[in-house]
Every structure is written in structure tokens, then in C-alpha cells.
Amino acid sequence: MATTAVAVAATSVVVLDRGNNTTCTINLHGATVVSWRVNNQEQLFVSKLASFDGKKAIRGGIPFVFPQFGPWSFGPQHGFARITRWHLDRAPERLHNGDVEAIFSLMDNEFTRSIWNYQFRITYRLILREKELHFHIGVYNPSKDLSFTFNMLLHTYLKVPDVRRCQITGLQGCHFIDKTREGALYQEGREVVTVNEWTDRIYQHTPQEHVITNVVSGRKMRLHKYNFPDTVIWNPWIDRSREMSDFGDDEFPNMLCVEAGNVSSPVILLPGSCFEASQILQIIIEGNVSRKTKRNR
């Protein structure tokens, strides 16, 4: 099946199509991944009230947070990358193994320099596999004499049948900043983390892998990350949902944000140097796991 780049209204989307009803859709506004369908099943949550006007950040999918996480005295919350139009460097292309890749980029421009006066270039490479979505990020500082610091995060909204039934592994023993309790620092004692209330936590020095249970169709999702030392867990719950104009009051049970990033400590990028990070989202097929287990026995 051919891969396509499709222009829509005032904004543009790029579609990676691997065949077998497995696709990934990226909106050039923020290079936001707005859909990831595997065998025609949507894996990402996008609010029914999300704005696609090319001005506001898209509520859902996987927005790209840079160069600031959270409120910013210089500009918009979570920085400007998620509200800036990105460039499609390489249109969707089928690789020799059947996977499909596309490459996007963002450079400093008049708008970004009016907020944050640094030269930079971000390269964002996405690869759609049969049951995996790969994200490869490079941030380059072309300046000859100026360093800059930045936060970066992939704000992943997972679609789930009921967030109260989800469990997240890989956080036990990690310290976290609890933004629901005035930024107090705690240590996670639970082997698996569950969400049953307003949750907004920055877990620090987390391992490279998390497994989230009871996502779409009751399956498990593996999140594997490289050079992203923090993991943010977020759900607005009832009261905060009502405060957001682009989020339905009744939508919070059907989403869970598990976000890989560099947010508790900024990255320092020296002149002429490059920072790289990556993430893989993988749907775990239990049949494959059990067969491996049997062989190992």
C-alpha cells in the first residue's frame, strides 16, 4: 500500500501507512502524532474537544514539548515546539523490511527567537513498524559560542478503557515530584503504580522501560526510552477536566499520560554539539510472550 502525505484544510497531516490497517498520522502543527492505529485499533487518546486551528496545542496524541516543561516566564506553557509548524524533511518512505519512516525538523525562526533567542535545529524521525512506533530525536546547537539549556518531553496520551485498571511498572524506588502537593518530593514504594485520583508526578532517574497494563483491548504497552531520565505520569481527573476547555468532562477515565523526558534537570547543550534521545512504544502480544516462556522452560 502506498504511503501518502495528505494536506488538510489550514494545517497539514502526514500519514505513514504500513498496510494491514496499521497507520500513524502526524500533524505538522507541533509535529504532533495524532493517531497510531494497529490493525485498525487506535492506541492514542485525542480529546473530542481538541483544537486543530493551528494555534493552540493539540489536546492528545503525542505533543512535542521543547524547550520548556511546565509554565514558562518567557513564553507559552510547555514551550513553543508543540504550537509551531514543523517541516517535513523526508516524506513517508517504505524501508526494505516493510517499515515506514518519515523525518521532520524544526529550526529557530523569527517567532522562536522572539521568545527564546537561540539557534537550534531538531530532527524528529518516526518509524512505524508492525506493532511498534519508534521516535528518534536529535537536538543540534549550531552556535559557535553560545550554549543553551532545554527541557524536552514526549507528552504521550495513551488510550485506555478505564485508567483505574491500568498499572505502570518500573517506578518502584524512584523519587518523584508531586505537582498535586506543591512540588513535594516523595519516594515510590509500590511495585506497580495505579491512578485513582488527580495525578501529576515527575518520576526521576527512572529505568529505560515501563510496561502499562490494560491499554486498548486489555493488552500491555511497553515504553522503552533512551536518554530520557524522567517519566511523567498525568491524569487530570474530574475537577481539572472541567477546567480545560479542550478536554471533555467525562474523558479522563479513557486516557493515561506516560511521558518520557528531560524535565527535572535541564539538558545543557554546548556550541556545535548534539543531543540524542529516543522512545519506542510496543504493543505486547501475550501469545508471543507465553511461547517464549514455554521455550525457556
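**Annotated sites, the largest pocket and the surrounding strands**

The unreviewed UniProt entry lists H155 and E259 under "active site". In the predicted model examined here, these two residues cluster in space although they are spread over 105 residues of sequence, and the largest C-alpha distance is 5.0 Å. Both H155 and E259 are included in the lining of the largest pocket. H155 is found in the loop that runs between β11 (148–154) and β12 (157–159). With a relative accessible area of 8%, H155 falls under the 20% cut-off and therefore counts as buried.

A second annotation from the same kind of record leads back to the pocket. The feature "binding site" is placed by UniProt, again in an unreviewed entry, at R59, Q77 and R82. These residues are spread over 24 residues of sequence, yet they too cluster in space, with a largest C-alpha distance of 13.3 Å. The lining of the largest pocket includes R59, Q77 and R82. R59 has its place in the loop between β5 (41–42) and β6 (64–65). Its relative accessible area is 18%, so R59 is counted as buried, the limit being 20%.

It is worth looking at the pocket itself. Its volume is about 490 Å³. The lining of this largest pocket is made up of 23 residues, and those that lie nearest its centre are R59, Q77, H78, W234 and M244. Two elements, β18 (230–235) and α2 (237–243), give two or more residues to the lining. Sorted by class, the lining holds 11 nonpolar, three polar and nine charged residues.

Returning to the strand that precedes the loop of H155, where does β11 stand with respect to the rest of the structure, enclosed or not? Six of the seven residues of β11 are buried, so this strand is largely enclosed by the rest of the structure. The pairing of β11 can be followed to two other strands. β6 and β11 run antiparallel and are joined by two bridges, with L153 of β11 serving as the bridge partner of V65. β11 also pairs in the antiparallel sense with β19 (residues 255–269), in this case over six bridges. Within that pairing, F150 stands opposite V267 in β19. As a general point, the strands of a sheet pair through backbone hydrogen bonds, either parallel or antiparallel.

An open sheet of seven strands can be traced in the model, in the order β7-β8-β9-β10-β20-β17-β16 and with antiparallel pairing. Its edge strands are β7 (87–94) and β16 (209–212), each of which pairs on one side only. On average, and with direction ignored, neighbouring strands of this sheet are turned by 10° against each other. At the β7 edge, the antiparallel pairing with β8 (residues 100–107) extends over five bridges. One residue pair shows how these strands are matched: E93 has E101, in β8, as its bridge partner.

Several details of the backbone also deserve a look. F66 and P67 are joined by a cis peptide bond, with omega about 0°. P67 lies in the loop between β6 and β7, so to speak on the way to the edge strand of the open sheet. Two residues other than glycine have a positive phi. For N20 the value is about 60°, and the place of N20 is in the loop between β2 (11–19) and β3 (22–27). At 55% relative accessibility, N20 lies over the 50% cut-off and therefore counts as exposed. For A31, phi is near 50°, a positive value in a residue that is not a glycine. A31 is placed in the loop between β3 and β4 (32–38). In contrast to the exposed N20, A31 is buried, with a relative accessible area of 0%.

Key. Residues are numbered from 1 along each chain as its sequence is written. This is a predicted model: local features need pLDDT of at least 70, side-chain atom pairs count only at pLDDT 80 or more; totals for chains, interfaces and linings use all residues. Side-chain values use heavy atoms; hydrogens and water are left out. On a 1 Å grid over the protein atoms alone, a cavity is a set of points where a 1.4 Å probe fits but cannot get out, and a pocket is an open set with protein on both sides within 12 Å along at least five of seven lines; lining residues have an atom within 4 Å of a point. Grid points are joined across faces, edges and corners, and a volume is the space filled by probe spheres set on the points. Helices (H or I, at least four residues) and strands (E, at least two) are DSSP runs, numbered from the N terminus. Ala, Val, Leu, Ile, Met, Phe, Trp, Tyr, Cys and Pro count as nonpolar, Asp, Glu, Lys and Arg as charged, and the others, Gly among them, as polar. Two strands pair if DSSP finds at least two bridges between them. Axes are lines fitted to C-alpha atoms, for helices over the stretch in contact, and angles run from 0 to 180 degrees between N-to-C directions. UniProt positions are given in the numbering used here, feature names are shortened, and annotations may be inferred rather than shown by experiment. Buried means under 20% relative accessible area, exposed over 50%, partly exposed in between (1.4 Å probe, protein chains only).
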